[in-house]
Amino acid sequence: MPVDAVELPKSLVSISRARLKILDQRGLPETVAYLDCSELSEVISAIKNLAVRGAPAIGLAAAYGLVLGLDDCADEPTRIQGELRHRSQALIAARPTAVNLSWAVEQMLDFAATKAAALGEAGWRDRLYQQASKLFEADRAACRAIGIAGAALLKDKPSILTHCNAGSLAVSEFGTALAPIYQAQADGLPVQVWVDETRPVLQGARLTAYELMAHGVPCRLITDNMAAHVMSQGWVDLVLVGADRVARNGDAANKIGTLGVAILAKHYGIPFYVACPWSTIDLETPTGAEITIEERAGDEVRQIQGVWTAPRDVPVFNPAFDVTPAALIAGIITERGILKPAALSEHAPEVTDG
Ligand code: MRU
């Protein structure tokens, strides 16, 4: 049975060529507020401050952001190309780890380059916008396919542990790591989810718990340091997480803390799966060692939701992601099937003219 997308909260709430309405995830679950972006700078700041987050969602926000406010741009092809390049650099610089951001921006630039002659002709802005919408639709289809492929794993493994948020809030719709769970539930399987709270920014507690509950999926929230105990009791059948960038050898960068979960899963013999669309796979990066790990402001660690929980001037290290080695990953669930980490490059999609 198909998952009913209407019940799931969305990150990009309404989209047009002139306006991008974003659910501001910083306030969730207590405050449901929205950002109305009509300029590129507003989208960049929403990406930087995590109002919109999750690898595919920031890529899609960037693709639409690239088009916002282009009405002031002269209809002269070379100047348009220059303006698009300038905008792209600013977008890509917003967050370094999730490859979906640069991937989506590059898809837009490539499209503009192949249609260079038509840039400046009537309707060129609409065509760019339509290209962003194609990326959105492709992400929806990928998430659906990931859900179907991954749900098969849950038939005899109904108790899942997840880290961070890789659900509908992090993508176009449905999610990546949560998509198999939604699909399994729609298929009538008795799934239940252990949700790591995911310090420092609490994407698990604030977002995953929120959207699983909105969808009626049984879940239990734990602090990150409880995962070992829960696994040691035999209460976790499978771990399912998203990714921000998967290197050619299958090493996967994801939210800080994922590596610890993977090591625990190995210790307790629990299969550890990564779910992501092909746009997260970066065949140009040979191994996880070459992935840039974003470091964020120290106050994310000194505070919890704006309340000081440490000396205000204590030195802090705050890497936003870590890299799980391919050896700890049982499989990568993509729209092209469940792949062994070592076999990624064999499944690369054909390059097509968009
Ligand atoms: O810093 P965030 O909240 O953007 O980090 C998000 C994650 O690490 C997700 O697990 C990942 O982007 C996959 S989202 C489908």
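On a 1 Å grid over the protein atoms alone, a cavity is a set of points where a 1.4 Å probe fits but cannot get out, and a molecule sits in a cavity if more than half of its atoms lie within 2 Å of its grid points. The structure is a predicted model, where local features need pLDDT of at least 70, side-chain atom pairs count only at pLDDT 80 or more, and totals for chains, interfaces and linings use all residues. Residues are numbered from 1 along each chain as its sequence is written, and side-chain values use heavy atoms, leaving out hydrogens and water.

**Exercise 1.** Find where the ligand sits, and which elements give two or more residues to the shell around it.

Step 1. Start with the site: the ligand occupies the largest cavity.

Step 2. Helix 2 (55-65) and strand 9 (252-255) are the elements giving two or more residues to the shell; helices (H or I, at least four residues) and strands (E, at least two) are DSSP runs, numbered from the N terminus.

Step 3. Now look at the domains, whose bounds come from an automatic or database assignment. Domain 1 (12-142) and domain 2 (149-347) each supply at least three shell residues.

**Exercise 2.** Describe the residues around the ligand and its polar contacts.

Step 1. Count the neighbours (a heavy atom within 4 Å): there are 17, and the closest are R53, R95, D244, N254 and K255.

Step 2. Sort them by class: 8 are nonpolar, 5 polar and 4 charged. Here Ala, Val, Leu, Ile, Met, Phe, Trp, Tyr, Cys and Pro count as nonpolar, Asp, Glu, Lys and Arg as charged, and the others, Gly among them, as polar.

Step 3. Look for polar contacts with the ligand (N or O pairs within 3.5 Å). A polar backbone atom of A55 lies 2.9 Å from a ligand oxygen. For R95, a polar side-chain atom is 2.8 Å from an oxygen of the ligand. In Q203, a side-chain N or O atom is 2.8 Å from a ligand oxygen.

Step 4. Finish with the cover: alone, the ligand exposes 420 Å², and the protein buries 99% of that (Shrake-Rupley method, 1.4 Å probe).

**Exercise 3.** Locate the cis peptide bond between L28 and P29.

Step 1. Omega for this bond is near 5°.

Step 2. P29 belongs to the loop between strand 2 (20-23) and strand 3 (34-37).

Definitions and conventions: Polar contact = N/O pair within 3.5 Å; in protein donor to acceptor, adjacent residues only side chain to side chain. 1 Å grid on protein atoms, 1.4 Å probe; cavity = no way out; pocket = protein on both sides within 12 Å on 5 of 7 lines; lining within 4 Å.
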